[in-house]
Amino acid sequence: MSSITIRGLSAAAMACVALALPPLAVRVTAQTVYTGNGVSAAVTSAVTLRPRGAWSASVTYLTNDLVTSRGSTWRAKRSSKGKVPGSTSPSTAADWELFAEGLNPQGNWISTATYNPNDLV
């Protein structure tokens with residue numbers, strides 16, 4: 001497994017890195033300075049992201065799996081199967097979170113279609 005330390009990288013850039021490489025450990029480091037007493041504390045956490053490609057209803061996804069769906073990249077918050085990332089009816093907010101937002105190509109505009117934010121026609 002590859003390992004990379006990322007500081008100050010945007011979600012979109014991190015998604016490009018994560019989807020282009022095999023599973024990798026991402027170590028995010030943040031430093032907080034408390035000015036009241038002059039003490040500083042560094043908080044470090046490590047997460048292993050597993051790029052899985054395009055979302056599929058037949059695949060069981062595990063926590064921290066990354067998938068692409070509807071033009072965006074999504075991170076699994078828990079194990080699930082058949083739950084569409086970003087669905088609002090039924091809601092899959094407990095299963096998926098937006099990792100990097102993109103555009104959702106829909107082809108030519110159709111007057112009878114219902115479009116969502118970020119749909120590209």
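**Close-up views of a predicted model**

At a relative accessibility of 32%, Asn-118 is classed as partly exposed. This residue opens the first of several close-up views, and the model shown in each of them is a predicted one.

**Figure 1. Asn-118 and Arg-70, two residues with positive phi.** Asn-118 belongs to the loop that runs between E9 and strand E10 (119–120). Its phi is positive, at about 75°, although Asn-118 is not a glycine. Arg-70 likewise is not a glycine and has a positive phi, of about 55°. Arg-70 sits in the loop between strand E5 (65–69) and E6, and with a relative accessible area of 41% it is partly exposed. As a general rule, most residues other than glycine have a negative phi.

**Figure 2. The protein chain as a whole, shown as a guide to the other views.** The chain holds 1 helix and 10 strands. Followed along the sequence, these elements give the pattern β-α-β-β-β-β-β-β-β-β-β. The chain has 121 residues, of which 26% are buried. Of the contacts between residues at least 6 apart in sequence, 25% link residues at least 24 apart.

**Figure 3. Arg-75, a buried residue in strand E6.** Strand E6 covers residues 72–76, and Arg-75 is part of it. Is Arg-75 buried or exposed? Its relative accessibility is 16%, so Arg-75 counts as buried, given that the limit for a buried residue is under 20%. The side chain of Arg-75 takes part in two polar contacts shown here, with the side chain of Asn-64 at 2.6 Å and with the side chain of Glu-97 at 2.6 Å. When residues up to four places away in sequence are not counted, the residues touched by Arg-75 include Leu-49, Thr-63, Asp-65 and Leu-66. Asp-95, Trp-96 and Phe-99 are also among the residues that Arg-75 touches.

**Figure 4. Trp-74 and the largest nonpolar core.** This core consists of 5 residues, namely Tyr-61, Val-67, Trp-74, Ala-76 and Trp-96. In soluble globular proteins, nonpolar side chains tend to be buried together. Trp-74 touches two other members of the core, Val-67 and Trp-96, among further residues more than four places away in sequence. Those further residues include Asp-65, Leu-66 and Ser-69, together with Pro-85 and Gly-86. Glu-97, Leu-98 and Phe-99 are likewise touched by Trp-74.

**Figure 5. The largest pocket and its lining.** The space in this pocket amounts to about 280 Å³. Its lining comprises 15 residues, and those closest to the centre of the pocket are Arg-70, Trp-74, Gly-86, Asn-116 and Pro-117. How many of the lining residues are nonpolar, polar and charged? The lining divides into 3 nonpolar, 9 polar and 3 charged residues. Two of the residues closest to the centre appear in other views: Arg-70, which has a positive phi, and Trp-74, which belongs to the largest nonpolar core.

**Figure 6. Thr-92 and Pro-90 in the loop between E7 and E8.** Thr-92 lies in the loop that links strand E7 (80–81) and strand E8 (96–100). With a relative accessible area of 4%, Thr-92 is buried. A polar atom of the Thr-92 side chain is 2.7 Å from the backbone oxygen of Val-84. A polar atom of that side chain is also found 3.4 Å from the backbone nitrogen of Gly-86. Apart from neighbours within four places in sequence, Thr-92 is in contact with Lys-83, Val-84, Pro-85, Gly-86 and Ser-87. Pro-90 is placed in the loop between E7 and E8 as well. The peptide bond between Ser-89 and Pro-90 is cis, with omega at about 0°. In general, most peptide bonds are trans.

**Figure 7. Pro-105 in strand E9 and Leu-120 in strand E10.** Pro-105 is part of strand E9, which spans residues 104–105, and its relative accessibility of 59% makes it exposed. Leu-120 is located in strand E10 and is partly exposed, at 43% relative accessibility. Once neighbours within four places in sequence are left aside, Leu-120 is in contact with Pro-105 and also with Leu-103, Asn-104, Gln-106 and Gly-107. Pro-105 and Val-121 are 16 residues apart along the chain, and 6.4 Å separates their C-alpha atoms. For Leu-120 and Trp-109, which are 11 residues apart along the chain, the separation of the C-alpha atoms is 8.9 Å.

Methods: Residues are numbered from 1 along each chain as its sequence is written. This is a predicted model: local features need pLDDT of at least 70, side-chain atom pairs count only at pLDDT 80 or more; totals for chains, interfaces and linings use all residues. Side-chain values use heavy atoms; hydrogens and water are left out. Helices (H or I, at least four residues) and strands (E, at least two) are DSSP runs, numbered from the N terminus. Buried means under 20% relative accessible area, exposed over 50%, partly exposed in between (1.4 Å probe, protein chains only). A polar contact is a pair of N or O atoms within 3.5 Å; within protein, one must be able to donate a hydrogen and the other to accept it, and residues adjacent in sequence count only if both atoms are side-chain atoms. Contact means heavy atoms within 4.5 Å. A nonpolar core is a set of buried Ala, Val, Leu, Ile, Met, Phe, Trp, Tyr and Cys residues joined through side-chain atoms within 4.5 Å. On a 1 Å grid over the protein atoms alone, a cavity is a set of points where a 1.4 Å probe fits but cannot get out, and a pocket is an open set with protein on both sides within 12 Å along at least five of seven lines; lining residues have an atom within 4 Å of a point. Grid points are joined across faces, edges and corners, and a volume is the space filled by probe spheres set on the points. Ala, Val, Leu, Ile, Met, Phe, Trp, Tyr, Cys and Pro count as nonpolar, Asp, Glu, Lys and Arg as charged, and the others, Gly among them, as polar.
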